[in-house]
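Colleague: I'm new to this one, so could you walk me through it and let me ask how you know each thing?

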Amino acid sequence: MHVPYNSWLVALSIAVAVSVSYTAFRLAARVAEAIRPMRSYWLIGGASAMGIGIWSTHFIGMLAISMPMVLRYDIPMTVASLLIAIITSWMAIRIAGTERFGRGAVALGGLVMGGGIAAMHFLGMAAIDITPAIRYQPALVAASIIVGIGASSGALWLTFQLRGGRTARPLARLGAAVLMGLAISGTHYIGMAAASFAAHSRCYGGVALDNAWLAVTIALVTASLLGFTLMTDMYSSELAARAQAHAARLQQINAQLRYQATHDGLTGLLNRAAFLKRLAAALRAARAGAGRFAVLALDLDRFKLINDSLGHGAGDRLLCEVARRLCAMTRPGDAIARMGGDEFLVLTRPLASAEDAGAIATQIIQGLSKPLRLDSLEVLVASSIGISHYPSDGDTPEALLAHADEALYGAKRQGGRTFQCFVAQMNGFPHERLQLESDLNHALARGQFELYYQPRVDVVSARVTSVEALLRWRHPSRGPISPRTFIPIAEETGLIVPIGAWVLNEACRQARRWHSSGLSLRIAVNLSALQFRQPGLLRMIAAALAAEGLPPRLLELEITESVVMTDAASSVAILEQLSRMGVIVSVDDFGTGYSNMSYLQRFPIDRLKIDASFISAMNDDPQSTLIVQAIISLAHNLRMKVIAEGVETPAQLRRLASLGCDQYQGFLFGQPMPAEALEPQLRAHASLGDAGDTALTSARLARPAWDPGLLASNDR
Ligand code: C2E
Ligand code: MG
Ligand code: MG
């Protein structure tokens, strides 16, 4: 029996097949890029859209036939054919979305897709309750399946090319969609040509469908599905664009921070940290055979007088002019740094002879002694320089700097405006350092350590939320020694491990005492690099908490950026374990070390402490305010709290409040003090239930300590 077709409906069915394929390929690309759990949403959405599309193509194709009788369908079988279409699409999109997509995947995908389309088609046909049954011509059935598989493979191959970025994207995607559309409609129409209906066929049972409204309904459903998927697809591209913008901004802040971290804000010369790095590199090169070099320490004579009488503005301009002249009078390759105040350092590139350094020093002293205009005044500045040489005066950065400094004092003692090379008699350094080391060795046993505590205050409520424990060493003959002096020695000698354990236990004991007396304050303890990497760290912390029965949320650990960044992979593991314990982790001195902000996204960190140098620079350097602002907004985006360190003036606090900083710490509220001395102040300002941290604390409290399963669901 010849079956005539309605060509409009045929065209509609092919259009649906092509457009549904186009959407499915866009979604497959999303699946490839997406991360869990978005991946499964795209997969389910794409498979449903495409499955319904294939099925609609088939049905519109069926409606396009003008049959003498009304076709009646078996509903369960019809629904099964729809499910087959969806499952087939699901598998095909998964295959097209795999990361490594080669010939094997193309062939497998084509087979699945072509086979699935054919299965859907013939099951759909079987759903027609017709007597006598439809007869099929085997050759045409085979042709319909082969066309389906071939065209699907071609389409998948094209998307593969697309992924490689070698083909013009929109054209290739359209080509792939057309091929896929051909696979779907080709299978259908060749399959239909294979079918022959007996002349007096009749349909019994099943459900009859009204052609006209069915066609319209199917087309509408398909169109709205397509519209919906395209829209979500566009939304996701928009999200991706936003993420990209975020990453670009991160990179920009990074560059700013890197500059800020290595340069002096006023003069643009190197800062101390960057200079030390250069010095270490020069030492390595010299040991490897690059020969001798020198370190020049320079100080302006009478700078304080000029600064005090003409004001800070004039002093700053003077320093900038000195920096400019220093750059002009040294050679390319010499490194120049400002160490703060009116102290400068020069690291020479390799020298031919020891006398060369003296020649450079003479040139600098002469160059700086030329008159200089400040406002309407002409001022004369003079300078003194101390020189140390590698290898004769030391072979570590510390030794070379200390000796250049000693030589500088020698030059000053001679009345200034001159230079002096280091001579060995000046040297008291190694002996002194050894003495300190040996004293430090006994300090713990002799009970010379004490903890001071400095409050941290909520910027908005002005309540104390926590305190930082800061170590003090009362040396029997030298008096108090700063942790900045003895912590590096303790690190080098390994003494920091027992000392750090003492600090932790002592801090937990104090926190317990306060906790019992109704002061629920969190205590922050500094962890050194060596401590952080100790294998027994977690056990030690757990033991310290258990010994005092202190809830983990009342302990915070401060770790510097560089510690976190060295061996990032193992850091993540340690931090995650700490986070699971329920202990709070913060990054100390943020902005001074690596300044690589992108790592923050990967580490389970609760808060950032902006280094004091940024806070003090905010007064006169607008760049610093911008950086502080950027750090705060970044931290908030990553759901971290921000603490400003070293806040000394009400103006700084006001500025920080306007930037949305959460907490601050500094001399403005109080110096670090022994626990008893601090207590009255704490009672007056204690926060009710740790006001500044409520959100975080309650989220943390919901987590039982030590539950390994809760790692993924962290609340940052
Ligand atoms: P940090 O952890 O960044 O501590 C902040 C330092 O800034 C403290 O110096 C504090 O006294 C000081 N400070 C606080 N407010 C202000 C302010 O308004 N202006 C200025 N100019 N300074 C302020 P401190 O106590 O001398 O400690 C120095 C560093 O020694 C600490 O820096 C920390 O890195 C280390 N440290 C201290 N105690 C320990 C400890 O128990 N273990 C370890 N590993 N390191 C410690
Ligand atoms: Mg600290
Ligand atoms: Mg700090």
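Modeller: Sure, and let's start with a term: a polar contact is a pair of N or O atoms within 3.5 Å. Keep in mind that this is a predicted model.

Colleague: What makes the pair formed by ligand 1 and Phe-667 a polar contact?

Modeller: An oxygen atom of ligand 1 is 2.7 Å from a polar backbone atom of Phe-667. The cut-off is 3.5 Å, so the pair counts as a polar contact.

Colleague: Which side chains have polar atoms by ligand 1?

Modeller: Glu-648 is one of them, with a polar side-chain atom 2.5 Å from a nitrogen atom of the ligand. Asp-589 is another: a polar atom of its side chain lies 3.1 Å from an oxygen atom of ligand 1. Both values are within 3.5 Å, so these are polar contacts as well.

Colleague: Which residues come nearest to ligand 1?

Modeller: There are 21 residues around it, and the nearest are Gln-454, Arg-472, Asp-588, Glu-648 and Phe-667.

Colleague: On to the metals. Why are certain atoms called donors of the magnesium ion (ligand 3)?

Modeller: A donor here is an N, O or S atom within 2.8 Å of the metal. Asp-588 (OD), Asp-589 (OD), Glu-645 (OE) and Glu-645 (OE) coordinate this ion at 1.9 to 2.4 Å, so they qualify. Water is not among the atoms, so the site may look incomplete.

Colleague: How are those donors spaced along the chain?

Modeller: They follow D-D-x55-E. The pair of Asp-588 and Glu-645 links distant parts of the chain, 57 residues apart. Asp-588 is in strand E19 (residues 584-590), while Glu-645 is in the loop between strand E21 (641-644) and helix H22 (650-659).

Colleague: Why are Asp-588 and Glu-645 called buried?

Modeller: Buried means under 20% relative accessible area. Asp-588 has 7% and Glu-645 has 12%, so each one counts as buried.

Colleague: What coordinates the magnesium ion (ligand 2)?

Modeller: Glu-468 (OE), Asn-526 (OD1), Glu-558 (OE) and Asp-588 (OD) do, at 2.0 to 2.2 Å. In sequence, the donor residues are spaced E-x57-N-x31-E-x29-D. Distant parts of the chain are linked here too: Asn-526 in strand E17 (residues 522-526) and Asp-588 in strand E19 are 62 residues apart.

Colleague: Which residue coordinates both magnesium ions?

Modeller: Asp-588 does, and the two ions, ligand 2 and ligand 3, are 4.2 Å apart.

Colleague: Is Asn-526 buried, exposed or partly exposed, and how do you know?

Modeller: Its relative accessibility is 29%. Partly exposed runs between the 20% limit for buried and the 50% limit for exposed, so Asn-526 is partly exposed.

Colleague: What makes the peptide bonds before Pro-132 and Pro-391 worth a look?

Modeller: Most peptide bonds are trans. The bond joining Thr-131 and Pro-132 is cis, with omega about -10°, and Pro-132 is found in the loop between strand E2 (130-131) and strand E3 (135-136). From Tyr-390 to Pro-391 the bond is also cis, with omega near 5°. Pro-391 belongs to the loop between strand E12 (382-390) and helix H12 (397-413).

Colleague: What about phi at Ala-462 and Arg-639?

Modeller: Most residues other than glycine have a negative phi. Ala-462 has a positive value, near 60°, and Arg-639 has a positive phi of about 60°. Ala-462 sits in the loop between strand E14 (449-458) and strand E15 (464-475); Arg-639 is in the loop between helix H21 (622-637) and E21.

Colleague: Why is Arg-639 called exposed and Ala-462 partly exposed?

Modeller: Exposed means over 50%. Arg-639 has 54% relative accessibility, so it counts as exposed. Ala-462 has 42%, which lies between 20% and 50%, so it is partly exposed.

Colleague: How many cavities are there, and what lines the largest one?

Modeller: A search of the whole structure finds three cavities of 30 Å³ or more, and the largest has a volume of about 60 Å³. Its lining includes Phe-25, Met-50, Ile-93 and Leu-156. Helix H1 (7-33) and helix H3 (75-96) each supply at least two lining residues.

Colleague: Which classes of residue make up that lining?

Modeller: The lining of the largest cavity has 10 nonpolar residues, no polar ones and no charged ones.

Definitions and conventions:
Residues numbered from 1 in each chain as written. Chains lettered and ligands numbered in written order. Predicted model: local features only at pLDDT ≥ 70, side-chain atom pairs only at ≥ 80, totals over all residues. Heavy atoms only, no water. 1 Å grid on protein atoms, 1.4 Å probe; cavity = no way out; pocket = protein on both sides within 12 Å on 5 of 7 lines; lining within 4 Å. Points joined across faces, edges and corners; volume = space filled by probe spheres on them. Helix = DSSP H or I, 4+ residues; strand = E, 2+ residues; numbered from the N terminus. Nonpolar A, V, L, I, M, F, W, Y, C, P; charged D, E, K, R; others polar. Donors = N, O, S within 2.8 Å, 3.2 Å for Na, K, Ca; no water. Buried < 20%, exposed > 50% of the residue type's maximum accessible area, 1.4 Å probe, protein only. Near = heavy atom within 4 Å. Polar contact = N/O pair within 3.5 Å; in protein donor to acceptor, adjacent residues only side chain to side chain.
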